Amino acid sequence: MESTHYDLIVIGSGPAGHKAAIQGAKEGKRVLLVERARAIGGECVRHGTIPSKTLRQTAVQLSSIRERLDGLSTVELSDDVRVASLMTRLRDVVRSHEDYLARQLDRNDIDRMHGRAKFLSPDEVEVQSPRGEAKVLTADAFVIAVGSRPRTPDDVPIDHENCFDSDSWLSMNYMPTSLIVLGGGVIACEYASVFATLGVEVTLIDKWPRPLGFLDEGLSARFVSSFEALPGCSFRGERQYRNIEWDGVSKVRVELDNGDVVEADKLMCALGRVANVQYLDLDAAGVEVSNRGHVVVDEFGRTSVPHIYAAGDVIGPPALASASMHQGRQAVRHALGLPLGSSIDLIPAGIFTIPEISTVGLTEAQAIERFGGAVCGEAQFDELARAQINGISNGYLRLVADAEGRKLVGAQICGEGATELIHVAQMALAGQMDVDVFIESIFNFPTLSEAYRVAAIAVVKQREALLAGV
Amino acid sequence: MGNAPPVIVPQPIRTEVERRLRDDDLDLPVLPKVAMDVLQLCRSAEADAQKISDILHGDQSIAGNVMRIANSPLSGASVKITSLQQAVSRLGIRHIVELVVAISTQGKMFEVPAKWQPVVGDVRHASLVTALCAKEVARMGRANVETAFLQGLLHDMGKPILLMLLDELEERTGAEWDLDEISASIEELHASIGARLCESWDLPEPIGAAISHQNDWQGLDDPPQGAPLISLASQIAEIALGDEEHAVSPDALDGDALEQLNLYPDEAAELCGMTDHLVEVAAELGS
Ligand SMILES: Cc1cc2nc3c(=O)[nH]c(=O)nc-3n(C[C@H](O)[C@H](O)[C@H](O)COP(=O)(O)OP(=O)(O)OC[C@H]3O[C@@H](n4cnc5c(N)ncnc54)[C@H](O)[C@@H]3O)c2cc1C
């Protein structure tokens with residue numbers, strides 16, 4: 001008879017759940033992975049990282065062709081270009097990624113079940129299939145990795161036809177001429193800049209004075225200036241929507257709190273995400289949920305019930321695929337009593353706007369707060385040979401050192417390649433290195449990595465001035 | 001091997017349809033020029049209510065129907081709509097496309113002999129309900145809502161075209177078939193013809209792909225998303241229209257389609273709860 005007891009049951013197959021399941025299986029445990037969707041991979045593959053980055057790649061290529069032609073010829077997209085066909089390789093990319101993830105599960109002998117899980121007690125879950133069949137399963141340990149979904153306030157009339165959320169947006173099959181994006185977070189800004197680059201007139205509306213407010217002011221200012229340089233694009237900060245409606249003809253109308261009315265073909269609501277706990281019946285398990293709706297965990301990913309862990313978007317920020325994978329592995333390692341890997345402090349943030357933004361460690365303000373001072377050095381990309389060759393004019397790298405101008409404590413980069421380039425700083429931070437390492441090391445020439453050297457020299461100059469008491 | 005009796009399509013019918021498809025020699029109805037023009041205009045950035053109503057003026061029957069629907073209580077009209085431009089404004093540009101194609105397919109597009117007219121009538125009515133159900137299934141499954149309407153509306157339009165072809169074949173060969181004899185042929189062959197119709201009307205590719213695979217998607221590795229969507233929507237429509245005594249129940253729905261679309265019993269129940277309203281809207285649209 002088929003057993004219904006497992007060593008480990010993982011709920012959700014996104015980055016957190018997938019890695020948690022594999023970690024358990026690698027330790028010889030009998031693992032079941034329950035997934036509500038038919039395919040493996042979670043939001044990350046279906047609506048998140050993978051599709052949005054594939055679309056972005058098309059936009060970047062288009063904009064670089066435009067830049068290289070430099071006015072010799074115009075590259076425009078026809079009106080009925082379908083979003084889906086713009087994501088040329090999207091289906092293939094998603095398919096091969098799903099296949100790869102599924103093969104990994106099979107190789108590790110992980111059982112899979114297509115269904116929606118809910119707790120019946122701290123030790124039992126019921127999994128219901130789309131056909132309505134239900135099965136009760138027990139386990140020694142559980143990992144809740146159910147991810148998140150777009151937050152859709154009641155006063156935003158989302159019909160997935162004129163007003164979309166950031167998931168249903170990918171079902172659009174033609175390019176609108178104009179778009180309103182509500183929100184100023186990562187998802188809002190990424191989509192806004194991608195569509196703006198594709199020639200759509202985008203209005204980004206947010207209640208905060210600047211978008212990407214968690215970043216250094218300089219970075220978000222650079223984002224706004226690049227975005228607003230595109231035709232018909234603007235950021236409307238410190239504005240709340242008062243009323244949103246489809247005008248019944250062809251436009252979505254957004255009335256703002258100052259009485260202004262903004263109109264566009266379509267609207268995308270990207271006002272944050274909420275944890276997918278709605279079907280889990282966490283009360284039945286006794287798992288505590290925060291007032292923001294996230295599952296409450298300790299530093300090891302353990303919930304209020306010791307053998308139930310949670311990882312990924314469901315536990316709240318940073319809500320990144322990279323962090324989720326790490327959290328999934330760590331949770332299982334802790335559950336199995338294995339030594340834990342490195343801490344999560346050094347996870348870089350990658351924001352795939354156009355141009356890219358990436359940060360790691362502390363900002364200048366955080367460094368001042370922590371060390372009572374900070375010394376920063378910058379390198380503008382347009383001073384670098386590689387950037388000139390690649391036609392990258394709009395970018396910079398900034399290093400943040402401690403109050404003495406010696407130890408590297410953070411880095412921020414804006415410009416194409418930022419999300420790759422940041423890993424150099426991440427390694428230096430992991431090694432607790434001084435900024436001097438960038439001056440002493442010899443980098444390939446011509447590369448964007450030279451920016452590290454230029455910025456480090458700027459820090460050292462200030463340090464010397466400090467020491468000299470200038 | 002399953003227990004279902006094998007589907008028997010009379011050989012002359014199969015040969016004829018296969019030849020016509022191969023030689024691209026099907027007698028496909030033409031979408032009225034006005035509908036074609038509206039479709040084209042709506043795909044461009046220049047579409048506005050004035051331009052669309054100018055085009056609609058060119059077809060009395062379509063214009064009259066647009067006016068009627070704009071004034072119907074279901075479209076929420078509180079004041080009487082007196083001009084076509086106003087009607088387009090009330091209904092919305094994207095909905096006008098759906099409406100104009102719907103009106104065209106409900107009209108005299110398919111000329112079949114009297115004996116098969118009831119079949120065509122049923123197809124027309126069920127298609128409208130399917131189209132409206134497809135929109136709701138799409139909304140729930142985060143698929144494209146606009147495409148779903150046309151997929152549902154046109155999914156069975158291969159059937160009347162096939163009946164017209166059979167009529168011709170009967171005349172030519174002297175054969176005479178009754179509905180029982182040819183129902184298997186219709187079920188097996190209509191999807192490819194419907195897909196060909198979409199191609200000839202220059203509709204977006206996902207519409208034809210879904211229609212083409214509406215009956216065989218279970219066997220495909222990577223079926224077009226619209227195919228299970230059509231399956232489910234047409235099944236909901238069929239149950240909604242079939243038995244007035246019984247409400248549509250989620251248990252009766254095709255598990256394969258639900259599984260493919262990731263729809264769970266509570267979501268299926270929500271869809272089933274909408275059917276009365278959708279049947280009412282379809283009746284209004286089709287009257
Ligand atoms: C547009 C967009 C762009 C993004 N870009 C990036 C990026 O560039 N870099 C980056 O690092 N991160 C990015 N992210 C964030 C990243 O996608 C998420 O942080 C990541 O997917 C979270 O992983 P997860 O495993 O926690 O959850 P998810 O990926 O959301 O997976 C959770 C899974 O659980 C399943 N599930 C839910 N409830 C149940 C249930 N009751 N029973 C069974 N299964 C259930 C869901 O179907 C889903 O498959 C982006 C997100 C979005 C939306």
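## A salt bridge across chain A

In this predicted model, Arg30(A) pairs with Asp111(A) in a salt bridge, and their closest N and O atoms are 3.8 Å apart. The two partners come from distant parts of the chain, 81 residues apart. Arg30(A) belongs to the loop between helix 1 (15–26) and strand 2 (31–35) of chain A, while Asp111(A) belongs to strand 3 (residues 111–114) of chain A.

How accessible are the two side chains? Arg30(A) has a relative accessible area of 34%, so it counts as partly exposed. Asp111(A) is partly exposed as well, at 30% relative accessibility. As general background, side chains of opposite charge can pair when their charged atoms come close. Over all chains, the structure holds 44 salt bridges.

## Chain A as a whole

Chain A is built from 14 helices and 22 strands. Its C-alpha trace spans about 75 × 60 × 40 Å along the principal axes. A compact globule of 470 residues would have a radius of gyration near 23 Å, and the 24 Å of chain A agrees with that.

Of the 470 residues in chain A, 51% count as buried. Sequence-distant contacts are well represented here: among contacts in chain A between residues at least 6 apart in sequence, 63% join residues at least 24 apart. The Arg30(A)–Asp111(A) pair, with its 81 residues of separation, is a handy example of a link between distant parts of the chain.

## Chain B as a whole

Turning to the partner, chain B has 15 helices and 0 strands. Along the principal axes, its C-alpha atoms fill a box of roughly 60 × 50 × 35 Å. For 287 residues, a compact globule would have a radius of gyration near 19 Å; chain B has 19 Å, in agreement with that value.

In chain B, 53% of the 287 residues count as buried. Among its contacts with a separation of 6 or more, 68% are between residues 24 or more positions apart.

## A charged cluster around helix 1 of chain B

Which residues does Glu16(B) pair with inside helix 1 of chain B? One partner is Arg19(B), in a salt bridge whose closest N and O atoms are 3.6 Å apart. These two residues both lie in helix 1 (residues 11–22) of chain B and are 3 residues apart, about one turn of the helix. The other is Arg20(B), where the closest N and O atoms are 2.9 Å apart. Arg20(B) is 4 residues from Glu16(B) in helix 1, again about one turn.

The surroundings of these side chains are worth a look in your viewer. Glu16(B) is buried, because its relative accessibility is 9%, and Arg20(B) is buried too, with a relative accessible area of 6%. Arg19(B), at 28%, is partly exposed. The pairing also extends beyond these residues: Glu16(B), Arg19(B) and Arg20(B) are linked in a network of salt bridges with Arg22(B), Asp23(B), Asp25(B), Glu168(B) and Arg172(B).

## Where the chains meet

How many residues of each chain take part in the contact? On one side there are 38 residues of chain B, and these are in contact with 33 residues of chain A. The area buried between the two chains is about 2900 Å², and carbon and sulfur atoms give 45% of it. Arg142(B), Glu259(B) and Tyr264(B) supply 23% of the area that chain B buries against chain A, more than any other three residues.

Charged and polar pairs also cross the interface. There are 8 salt bridges between chain B and chain A. One of them joins the side chains of Glu161(A) and Arg139(B), at 3.2 Å from N to O. In addition, 14 residue pairs are in polar contact across the interface. Several helices of chain B each supply at least two residues to the side that touches chain A: helix 5 (84–91), helix 6 (93–106), helix 7 (117–141), helix 8 (145–154), helix 11 (205–212), helix 13 (255–261) and helix 14 (265–272). Helix 13 gives the most, with 5 residues. By residue class, the side of chain B that touches chain A divides into 14 nonpolar, 9 polar and 15 charged residues.

Technical notes
Residues are numbered from 1 along each chain as its sequence is written. Chains are lettered from A and ligands numbered from 1 in the order in which they are written. This is a predicted model: local features need pLDDT of at least 70, side-chain atom pairs count only at pLDDT 80 or more; totals for chains, interfaces and linings use all residues. Side-chain values use heavy atoms; hydrogens and water are left out. Contact means heavy atoms within 4.5 Å. Buried area is the accessible area (1.4 Å probe) that two parts lose on being put together, summed over both. A salt bridge is a side-chain nitrogen of Lys or Arg within 4 Å of a carboxyl oxygen of Asp or Glu. A polar contact is a pair of N or O atoms within 3.5 Å; within protein, one must be able to donate a hydrogen and the other to accept it, and residues adjacent in sequence count only if both atoms are side-chain atoms. Ala, Val, Leu, Ile, Met, Phe, Trp, Tyr, Cys and Pro count as nonpolar, Asp, Glu, Lys and Arg as charged, and the others, Gly among them, as polar. The radius of gyration is taken over C-alpha atoms; the globule rule is 2.2 Å times the number of residues to the power 0.38. Buried means under 20% relative accessible area, exposed over 50%, partly exposed in between (1.4 Å probe, protein chains only).
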